[in-house]
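Me: I would like to go through a ligand site step by step. Please start with how to read polar contacts.

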Amino acid sequence: MKKEKYQVGLQTIRSLTENEFDLVSVMSTISCELYHAFEPFIWVGFYRLVDKTTLKVGPYQGTHGCLTINLDKGVCGKCVRENAIQIENDVSAIPHHIACSSETKSEIVLPVRDLKSRVRAVLDVDSNTINCFDAIDKEYLTEICALVSPHY
Ligand code: SME
C-alpha cells in the first residue's frame, strides 16, 4: 500500500513540476502532495540552509513549524551535519529532537543536495505514529528530493 501510494505521488509530483523552474513552487508542490497522500504525515516541509550554521523554514504543510534551526540542534541539524538521512522512529527516545508539535511520534529527515552534491536544504516529514518510516520511505523520498536538486 505504502509503495503504491509513493508511486502515484511521485508520478503526480513529476507531472506537476516537469516544466517548472521555480524552486519555491517545486518545494510547495512536493510538501502538498506528500502531506495529503499519507494520513500519518502531520508535517511535511523543507528547511533551507541560509548560511553555514542556520536552517530557515521553507514551504511546508501542517501546524506551524519552528522558523529557525541552528545546525547543532534537532534531527534536521544532524541531517545536515552528517549529510545523511535521519530516521527517528520514536522521537521521545532522542534528546536532540525539536518538538514543533506534541503529536509527532516519528520523523524522517533527508538532505536536499544541488547538482554539485552540496547540501542546500532538508526535507522533514513528521508522523503521528511510532515506527512510521522504513526503507520504502527512504527510497521514494530520496527520489523526490532529487527532483529539487536541478532548481538550485
Ligand atoms: N523535529 C525537527 C524540527 C522541525 S519541526 O518538526 C517541523 C528537528 O528535530 O529538527
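Reply: A polar contact is a pair of N or O atoms within 3.5 Å. The model here is predicted. In it, a polar backbone atom of Ile 98 is 2.7 Å from a nitrogen atom of the ligand.

Me: Which polar side-chain atom lies 2.9 Å from a nitrogen atom of the ligand?

Reply: That atom belongs to Glu 107. An oxygen atom of the ligand also has a partner: a backbone N or O atom of Val 75 lies 3.0 Å from it.

Me: How much of the ligand's accessible area does the protein cover?

Reply: On its own the ligand has 310 Å² of accessible area, and the protein covers 100% of that.

Me: Which residues surround the ligand?

Reply: For this reading, a residue is near the ligand if one of its heavy atoms lies within 4 Å. The residues around the ligand are Trp 43, Tyr 47, Ile 69, Gly 74, Val 75, Cys 76, His 97, Ile 98, Cys 100, Glu 107, Asp 124 and Asp 126. By class, this shell has 7 nonpolar, 2 polar and 3 charged residues.

Me: Where does the ligand sit?

Reply: A cavity is a set of grid points, over the protein atoms alone, where a 1.4 Å probe fits but cannot get out. The ligand sits in the largest cavity. Strand S1 (41–51), helix H3 (74–82) and strand S6 (119–127) are the elements that each give two or more residues to the shell around the ligand. Of the elements, H3 gives the most to this shell, with 3 residues.

Me: How many cavities of 30 Å³ or more are there, by the same rule?

Reply: The count is 1 cavity of 30 Å³ or more. The volume of the largest cavity is about 100 Å³.

Me: What lines the largest cavity, and which residues lie nearest its centre?

Reply: The lining is made of 14 residues, and those nearest the centre are Cys 76, Ile 98, Cys 100, Glu 107 and Asp 124. The elements that give two or more residues to the lining are S1, H3 and S6. H3 supplies the largest share, 3 residues.

Me: How does the lining of the largest cavity divide by class?

Reply: The lining has 8 nonpolar, 3 polar and 3 charged residues. Two of the residues nearest the centre, Ile 98 and Glu 107, have already come up: Ile 98 through a polar backbone atom, Glu 107 through a polar side-chain atom.

Note on methods:
Residues numbered from 1 in each chain as written. Predicted model: local features only at pLDDT ≥ 70, side-chain atom pairs only at ≥ 80, totals over all residues. Heavy atoms only, no water. Polar contact = N/O pair within 3.5 Å; in protein donor to acceptor, adjacent residues only side chain to side chain. Areas by Shrake-Rupley, 256 points an atom, 1.4 Å probe, with all protein chains shown as cover. 1 Å grid on protein atoms, 1.4 Å probe; cavity = no way out; pocket = protein on both sides within 12 Å on 5 of 7 lines; lining within 4 Å. Sits in = over half its atoms within 2 Å of the grid points. Helix = DSSP H or I, 4+ residues; strand = E, 2+ residues; numbered from the N terminus. Nonpolar A, V, L, I, M, F, W, Y, C, P; charged D, E, K, R; others polar. Points joined across faces, edges and corners; volume = space filled by probe spheres on them.
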